[in-house]
Structure formats: structure tokens, C-alpha cells
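Reader: I have a structure to go through with you. Can we take it piece by piece, starting from one helix and working outwards?

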Amino acid sequence: MSGLAARWRRLLSARRPGAEEPAGGEAYRTDFQRDYDRIVFSSAFRRLQDKTQVFPLAESDYVRTRLTHSIEASCVGRTLGTRVGETLVQRHDLGGITPADVGAIVAAACLAHDIGNPPFGHTGEDAIRHWFATSALGHSLVAELDPQQREDFLRFEGNAQGFRVITRLQTPSNRGGLQLTAAVLGAFTKYPRRSHITGPPAGVGTKKHGFFAAEEPWFAEVAEATGLEPVSDGVWQRHPLAWLVEAADDITYQIVDLEDGFRQGHVPFETARDLLLAVADDSRTRSRLAGIGDGKGQIEYLRAKAINTLAGAAAERFLAHEEAIVAGGFETDLIGGIPQAEAFRAICVLSQRQIYTARPVVEVEAAGFEVLGGLLALYMEAVAEAAGDHPSTRSRTLLHLIPDQFLGAGRLPDPDPYTRLLQVTDYVGGMTDTYAVATFKKLRGISLPGA
């Protein structure tokens, strides 16, 4: 067996860190398919149905939410993984691993990739960072922490929160939370580094962080199971399949955001059509397009063609650079080097200019700063006071509104300051858009039951 084949066998480990019983799926439902099912049936995944993709609190039920985006990304991920897996099985002895297994690993990781996102999309991440960095209370609370812990909040990251959700917060009575396989956890972690590192980030896998200080030992266990080597203090090699997860996410959100932008009236039909044709233009596409009578149908067809074209090109690039990717010497994303890269970038530029800055999007995003900042201020103050000797009546009242799992023993704030901050951030970050707004309005006295 070659060295590369041995690496792949370990990278595709079905071991479940935290589980007492050994891995053991059935022929009809493999370990990696079980991972997918565990994610689907988790409460954190269900809450994605009311979390922003691009258009927050959209009145139309057509536009994507984080839930539909995650499902679509998992479909693209399964295609990418299976395409790559077919060639890997031909090239190497993978010990019974099938192309479908590789597809299932990537699909499961894609399904969970946004599970840690707070309300209001990426603006929610910014709002949490902003509150800790600029509010007097937030600044004083993080000042008590060590540098690594402090950066977890000042650089709050949905990817790291997602790793925390699936390994700790979901099924918290289990060591390892959902107890997913090491292969899926490795592929899920696109950024295998802590929040506070020495020196500038190097490569696409270190531009953000993928776990908090609380979960770093847990990722170290995943790395050991899959053979991911440490690169420096707090930084590991990226799992090769994380490149496919990243590509599936990028392809899906950029193409479908353009479709949603067209449907919401922010992008003219001709512009959307021409951008998608630049990605997937051939004689068969144009012939088929001529037979579709309405603009909506044409854009839907071109969206499907563009996604399929980009997925095929990304899989080819991965396979062309397989050895460097496995060895940890590939430092760019897949999409940037495919033949359609320039056409894809044109879509990204258009989205930044006309979709992500559309007035309805920006208005609700701006409100998100007030909502999340307000909730953090209320709950953090209540927990900080309750952890002291003389909590106010107001703080004791607010403490009653925090669910048990976000407090310490006896429904008291955890004695550790870092854990207290994590738990309140878990609570606020886990809210849906609608619940966050409704809770903020009630606590501020803007909206009261029966009023």
C-alpha cells in the first residue's frame, strides 16, 4: 500500500471521538450516512430555517434561508465528494471505502457548515465582535480572560461556534456531542487553528479560526484520529476534504444568491442571464435556453448548469493537485484556479455591489447590531451580577429567562468567567432571527404579551 493510500485511509476514519462503542455502520446505512442523519435531526439544524442567508426576515418564502442553503450545499458537496472519491478509489487501495462514502463525508460536513451562525447572517458575527470590542461591559468582561480566550470573543467566528455546537452543545450529555466521525469533523473544520496565533495567517486554511480555546483539545483529538499534523502552536494541517466543503459552499451561495437577487428585483434578468452564461455557455445550453419561455425558468436552468460546471471543474482541480493537498502544501482555494474563475469572480463582484448592499438587506443588518448588542448587554450584565455577591432584582429576574443549559450548576452562573461568557454567547448566538427580535422587543418593553 502506497504512502498516499495509507494517508487517505486514516483521513477517512470512521472513528467517533467521544463514543465508547467502536464505529460500526450497516451496509444500508454507513457511519457517514448516520452522521448526516444526526445533523438533520438536531435542533440546531432545524433553527437554520429561521436564520438569514442574504435577505433577513424576508417576507417572500422563495428566498433561501440558512437551512435551504445548507441542504443545497450538501447536495453539491455530495456530488463533489463522489466525483473525487471515484478517482481516489481507482488510484489507491482505500480498504473498502467507496466513492459514495467520500460523497457522504463531504455532504455531512456541508450540511453542518453554517450550524454555528448567529442570527442575521455574517452581520450577526460582526455584531457580537462589535459588542465585546466597544461596549464598556463587554470590554471589561474580556479583560479578565487570557489572550486566547479574549480573542474568541473579539474575533467571534461562526465556524468555531459551529464546531462547538456539534461537539458540545448538541446532545450535551454525550462526550463529543453528536459524536460525528473524525472524517466528517475534520472535513467540517475549514480553518484548523485557534483564534490567537503568533505570526500572520498563512494560506486559505488559516485566514479564520475554526475552534475556540474550550474546544481546542477536542480538535486535537480529531486531528490525531485523522492524522492531521500540527503546523505550529494552535494550527494544524487542513483536512483535504475541507477544500471540497469550501468549494461546495462558495459555488452554492454565489450562484443561488444571484438567483435570489434576480427574484427579489435587485438584478436585471439580462445581467443574471449573461453572468450565468459566462460560466456555463455551450451550444447545448443556448439551444435548451431558447425553448424556455419565461425569464424565471431560464435563470433556474442556468443556475443548475452553472453549479454543475463549477463542481466538475473544482473536482478536476482537486484531483490534479491531490498529492499537494494531502501533504498540506496547497495554500489556495479550488475555485480561484479553474477555467471559469474569471466569470465566477464577476458574479461575486456583482453580488457585493447590488445584492449584499441592497437597502432591505442593509436596513435589517443594521438593526441586527442593535438586537444582538442589546441582548448581550442585558444577559451579560445579569450573569455578571448574579456571579457576584449582591445581584440586583433585575439581574435575578433576567436569570430566570436563561435556559438551564446556558447556566452552571443549580441555575447559577458558572464560576469560570470564560465559561460564563461562552454560555451567554451560546444562548444569544443560537437564537433564530425572529426569536431574537421578539425577545429583544419584550425585554426592552417595546412589545409585551397581550399589549
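Author: Gladly. One caution comes before the questions. This is a predicted model.

Reader: How many residues of helix α5 are buried?

Author: Helix α5 runs over residues 99-112 and has 14 residues. It spans 21 Å from first C-alpha to last, close to the 20 Å expected. The helix is mostly covered, and its buried residues include D101, G103, I105 and L111. The count of buried residues, out of 14, is 12.

Reader: Which helices do the buried residues of α5 pack against?

Author: Those buried residues include V102, V106 and C110. Their packing partners are α2 (31-40), α3 (43-46), α4 (66-91), α10 (182-188) and α12 (241-263).

Reader: Is S70 buried or exposed?

Author: S70 sits in helix α4. Beyond its neighbours within four places in sequence, it contacts F45, L48, C110, L111, H113 and D114. Buried means under 20% relative accessible area. S70 has a relative accessibility of 0%, so it counts as buried.

Reader: Which backbone oxygen does the side chain of S70 reach?

Author: A polar contact needs N or O atoms within 3.5 Å. The S70 side chain meets its partner at 2.7 Å. That partner is the backbone oxygen of R66.

Reader: C110 is in contact with S70. Which cysteine sulfur is nearest to that of C110?

Author: The structure holds zero disulfides. C110 is thus no exception, being in no disulfide. A disulfide would need two sulfur atoms within 2.5 Å. The nearest cysteine sulfur is 9.7 Å away, and it belongs to C75.

Reader: What about C348: how far away is its nearest cysteine sulfur?

Author: C348 is in no disulfide either. It is buried, because its relative accessible area is 19% and the limit is under 20%. C110 is buried too, with a value of 1%. The cysteine sulfur nearest to that of C348 is the one of C110, at 17 Å.

Reader: Which helix gives the largest share of the largest nonpolar core?

Author: That core has 92 residues. W8, I39, L80, L241, F318 and L334 touch the most other members. The largest share is 12 residues, and it comes from helix α15 (residues 295-320).

Reader: Which residues does L80 touch?

Author: L80 is among the core residues that touch the most other members. Residues up to four places away in sequence are not counted here. The list is L244, A247, A248, A311, A314 and A315.

Reader: How many residues are in the other core?

Author: It lies apart from the largest one. Its members include F120, F153, L375 and L399. Its size is 34 residues.

Notes: Residues numbered from 1 in each chain as written. Predicted model: local features only at pLDDT ≥ 70, side-chain atom pairs only at ≥ 80, totals over all residues. Heavy atoms only, no water. Helix = DSSP H or I, 4+ residues; strand = E, 2+ residues; numbered from the N terminus. Expected span 1.5 Å × (residues − 1). Buried < 20%, exposed > 50% of the residue type's maximum accessible area, 1.4 Å probe, protein only. Contact = heavy atoms within 4.5 Å. Polar contact = N/O pair within 3.5 Å; in protein donor to acceptor, adjacent residues only side chain to side chain. Core = buried A, V, L, I, M, F, W, Y, C linked by side-chain atoms within 4.5 Å.
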